[in-house]
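Me: I should like to go through the helix packing, the ligand site and the unusual backbone geometry of this model, with the reasoning behind each term.

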Amino acid sequence: HETKEKYVKDKKLGEGTYAIVYLGHLKADPLSKVAIKKIKVNTEYRDGLSMDAIREVKYLQELSHPNIIALHAVFSSKNQNLNLVLEFLPLGDLEMLIKDSEGIRYGTAEVKAWMGMLGRAVWFCHENFVLHRDIKPNNLFIAADGEVKLADFGLARSFSDPYRPMTYQVITRWYRPPELLYGARFYSGAVDVWSMGTVFAELILRVPFLAGNTDIHQLELICQAVGTPTEEIWPGVSKLEGYVGYEKASIVPVRGKDFYLARFGTAGPVGVDLLMSMLALDPRKRSTARQMLEHRWWTSDPRPTAKVDLPRKG
Ligand code: ADP
């Protein structure tokens, strides 16, 4: 009755950067459906998934929340491949909705509903000392009932020990906060809040907000859109390993409300206020997931769209 004998792999569903995903079912229940994600071990991601991986992923099994993809089981197969048995979510992700492939229309009320579900998922992770660290639209699955499900904890890891240095090569570049781009090794839940802020911006714009081609380019885009990180607005930033100095003349002042309103006006002034608080350059000044959920945007008009009325595929 080993875990791996409880599940059967059926057809291959897809392949990502560091995993192959299969449709599967419980041996004892042929009508059940699960996704079995087999993590490739011999890739450049190996470091991120070695040794502690199973123990850490096991911990995620206990994270049970409506907005977090359920992890039913973890087992290793031959060659020590790591297999994750996940809730089967075939209706796609937020990226597909943003890209408008089927003429999907949505507005502020829908954005509010999706961001609320994302915010609750991330708040719950942080309450349980887990950083997600790879929040992006294609890690946000849409369930049949409209629920957003945060997925792909491949990089997530407990941050309960603040003295354990962490690798900073995490988070897909476009959603990566400035502290990680500067190589900070000690970081907090604020990294996920920045990523949520860039997803929020993308949901409004319907194109990626900060689509850098390289890490340097990513920082340039952040400077232009948000402001240049300096000691004045972010004490200690110049001591980060990867900090690059800026010529006085090239420093972009931190963008104010009018600048955001010109671009994100559809979210309204209260929505823009929330967005700005999530994109604070200094991670200590960035709002926390809890503060984000306490923001008055959630209770101001328009009210979030009901789950069942949210656009989705199929
Ligand atoms: P990526 O995130 O790079 O697309 P993944 O390894 O996460 O790669 O997933 C590969 C593909 O497998 C996805 O594009 C998706 O179509 C499918 N998939 C992943 N997880 C699930 C799931 N829980 N339920 C259904 N399909 C899934």
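**Helix packing, ligand site and backbone**

Reply: In helix 7, V193, W194, M196, G197, F200 and A201 meet G271, L274, L275 and M278 of helix 10. The residues of this contact divide into eight nonpolar, two polar and no charged. The model is predicted, so local features need pLDDT of at least 70 and side-chain atom pairs pLDDT 80 or more, while totals for chains, interfaces and linings use all residues. Residues are numbered from 1 along each chain as its sequence is written, and side-chain values use heavy atoms, with hydrogens and water left out.

Me: What makes residues of helix 7 and helix 10 "meet", and how are the classes defined?

Reply: Contact means heavy atoms within 4.5 Å. Ala, Val, Leu, Ile, Met, Phe, Trp, Tyr, Cys and Pro count as nonpolar, Asp, Glu, Lys and Arg as charged, and the others, Gly among them, as polar. Helices are DSSP runs of H or I with at least four residues, and strands are runs of E with at least two, numbered from the N terminus.

Me: At what angle do the axes of helix 7 and helix 10 cross, and what is the handedness?

Reply: The two axes come within 8 Å and cross at roughly 140 degrees. Axes are lines fitted to C-alpha atoms, for helices over the stretch in contact, and angles between N-to-C directions run from 0 to 180 degrees. Helix 7 passes helix 10 in a left-handed crossing. A crossing is left-handed if the near helix is turned anticlockwise from the far one by less than a right angle, and right-handed if clockwise.

Me: Why are helix 5 and helix 7 called roughly antiparallel?

Reply: Helix 5 (residues 108-127) and helix 7 (residues 190-205) pack at about 170 degrees, with their axes 11 Å apart. Angles under 35 degrees count as roughly parallel, over 145 as roughly antiparallel, 65 to 115 as roughly perpendicular and the rest as oblique. Helix 5 and helix 7 are therefore roughly antiparallel.

Me: Why are helix 9 and helix 10 described as roughly perpendicular?

Reply: Helix 9 (residues 257-264) and helix 10 (residues 268-278) pack at about 115 degrees, their axes being 10 Å apart. They are therefore roughly perpendicular to each other. Helix 9 passes helix 10 in a right-handed crossing.

Me: Which residues come nearest to the ligand, and what makes the pairing of K37 with the ligand a polar contact?

Reply: Of the 16 residues around the ligand, G16, V21, K37, E87 and L89 come nearest; a residue is near if one of its heavy atoms lies within 4 Å. A polar contact is a pair of N or O atoms within 3.5 Å; within protein, one must be able to donate a hydrogen and the other to accept it, and residues adjacent in sequence count only if both atoms are side-chain atoms. A polar side-chain atom of K37 lies 2.9 Å from a ligand oxygen atom. A backbone N or O atom of L89 is 2.8 Å from a ligand nitrogen atom.

Me: What is notable about the phi of R133?

Reply: Phi of R133 is near 75 degrees, a positive value in a residue other than glycine. Most residues other than glycine have a negative phi.
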